[in-house]
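Visitor: I am new to this structure and should like to be guided through it. May we look at it together, one topic at a time?

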Amino acid sequence: MRSSLHPLAAVAMLLAVALPTARAAIAAAPAQTTSTPQQGDRFYCEDRRLGTWFYCDRPKPAEPDATLPSAPTPSAAEQLEAVTTELRELKARAILDPSPANVTAYIRFQRAQLDRASLFGDVWQRAIWQTPELDYTLQRPVGTVAKRQWLDTRKAERDRTLSQLGKRYGLFYFFAQSCGACSVMSPIVKAVADTHGITVRAISTDGGPSETFPRYTVETNQRAAMGLTSQVTPAVVLFDSATRTPIPIGYGVIAADELMDRIFALTQRKAGSDY
């Protein structure tokens with residue numbers, strides 16, 4: 001007759017067989033690292049180890065890339081333009097809405113720019129003092145004493161040079177009997193020419209005589225022959241006999257000193273050499 005096992009005995013036998021197998025499985029499983037603790041629910045993140053699906057490890061924010069180019073620094077011209085724009089904006093705002101706050105803001109900003117301009121001007125002047133090659137007043141003095149000395153030296157050089165011009169240059173003087181300015185200019189031209197020994201050829205554009213130049217010539221297309229298009233009288237033209245070139249000196253009434261300065265500059269100075 002077959003005998004049956006008690007239920008408790010059956011459970012005990014199952015446990016006896018299952019426990020060694022479980023211990024062996026746990027021993028064979030790799031040890032869980034503890035260097036980076038999990039976050040989140042214990043059941044999902046530690047017991048079940050489902051962090052990949054449940055985001056137990058909080059993702060770290062991406063670090064900024066140090067290789068990305070930084071914003072370019074505004075140039076000095078751009079900064080100055082920004083100052084000008086700000087000043088115009090504050091001024092317009094103060095005019096359109098002249099509240100105490102707007103007017104004060106404009107005055108304060110404008111004063112700051114005036115201080116900046118004053119500083120620039122002061123440094124500019126100091127740089128000129130200390131760098132003689134940048135000092136324009138050494139070429140053309142503006143101070144009373146230095147300017148007087150420069151003018152005296154220039155006048156002496158001018159008079160000495162004009163006294164030698166008659167060997168190469170002559171003057172064409174165009175006048176008209178009906179020209180009121182010519183009666184003023186004629187004695188000036190004669191005085192300058194006589195002082196420096198320059199020959200003058202007076203030409204009447206209307207055929208009328210001249211008290212200052214009784215030995216005149218009536219115009220017969222002389223100006224056109226020299227390439228002069230202006231018909232204004234009086235007119236003074238210096239003629240270079242070496243190059244056969246006319247050099248217009250001026251039109252209308254010109255003071256004697258000014259006339260001599262022009263002749264000296266046009267014959268002895270290159271353009272820009274005095275500046």
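Visitor: Which residues have the most contacts inside the largest nonpolar core?
Guide: This is a predicted model, in which local features need pLDDT of at least 70 and side-chain atom pairs count only at pLDDT 80 or more, while totals for chains, interfaces and linings use all residues. Residues are numbered from 1 along each chain as its sequence is written, and side-chain values use heavy atoms, with hydrogens and water left out. A nonpolar core is a set of buried (under 20% relative accessible area, with a 1.4 Å probe and protein chains only) Ala, Val, Leu, Ile, Met, Phe, Trp, Tyr and Cys residues joined through side-chain atoms within 4.5 Å. The largest such core has 26 residues, and those with the most contacts inside it are Tyr173, Met185, Val236 and Leu259.

Visitor: Which element gives the most to this core?
Guide: Helices (H or I, at least four residues) and strands (E, at least two) are DSSP runs, numbered from the N terminus. Two or more residues of the core come from each of α6, β1 (169–175), α7, β4 (235–240), β5 (245–251) and α9. The element that gives the most, with six residues, is α7.

Visitor: Which residues belong to the other core?
Guide: Apart from the largest core lies another, of eight residues. Among them are Phe172, Met226, Ala235 and Val237.

Visitor: How many disulfides are there?
Guide: A disulfide is counted when a pair of cysteine sulfur atoms lies within 2.5 Å. Cys179 is buried at 14% relative accessible area, and Cys182 is buried at 2%. By the distance rule, the count of disulfides is zero.

Visitor: Which parts of the sequence does the salt bridge of Asp261 and Arg158 tie together?
Guide: A salt bridge is a side-chain nitrogen of Lys or Arg within 4 Å of a carboxyl oxygen of Asp or Glu. In this pair the closest N and O atoms are 2.8 Å apart. Asp261 lies in helix α9 (residues 256–268) and Arg158 in helix α6 (residues 144–165), so the bridge ties together parts that are 103 residues apart in sequence.

Visitor: Is Arg158 buried or exposed?
Guide: Its partner Asp261 has a relative accessible area of 35% and is partly exposed, the class between buried and exposed (over 50%). Arg158, at 3%, is buried.

Visitor: Which residues are linked with Arg158 and Asp261 in a network of salt bridges?
Guide: The structure holds 13 salt bridges. Some of them form a network that includes Arg158 and Asp261. The residues linked with these two are Lys155, Asp159 and Asp257.

Visitor: How many residues apart are Lys190 and Asp194?
Guide: These side chains form a salt bridge, with the closest N and O atoms 3.3 Å apart. Lys190 is partly exposed at 33%, whereas Asp194 is exposed at 52%. Both lie in helix α7 (residues 180–196), separated by about one helical turn, and their spacing is four residues.

Visitor: Which element supplies the largest share of the lining of the largest pocket?
Guide: On a 1 Å grid over the protein atoms alone, a pocket is an open set of points where a 1.4 Å probe fits, with protein on both sides within 12 Å along at least five of seven lines; lining residues have an atom within 4 Å of a point. The largest pocket has a volume (the space filled by probe spheres set on the points, which are joined across faces, edges and corners) of about 410 Å³. Of its 19 lining residues, the closest to its centre are Arg140, Trp150, Arg154, Asp261 and Asp274. The largest share, six residues, comes from α9.
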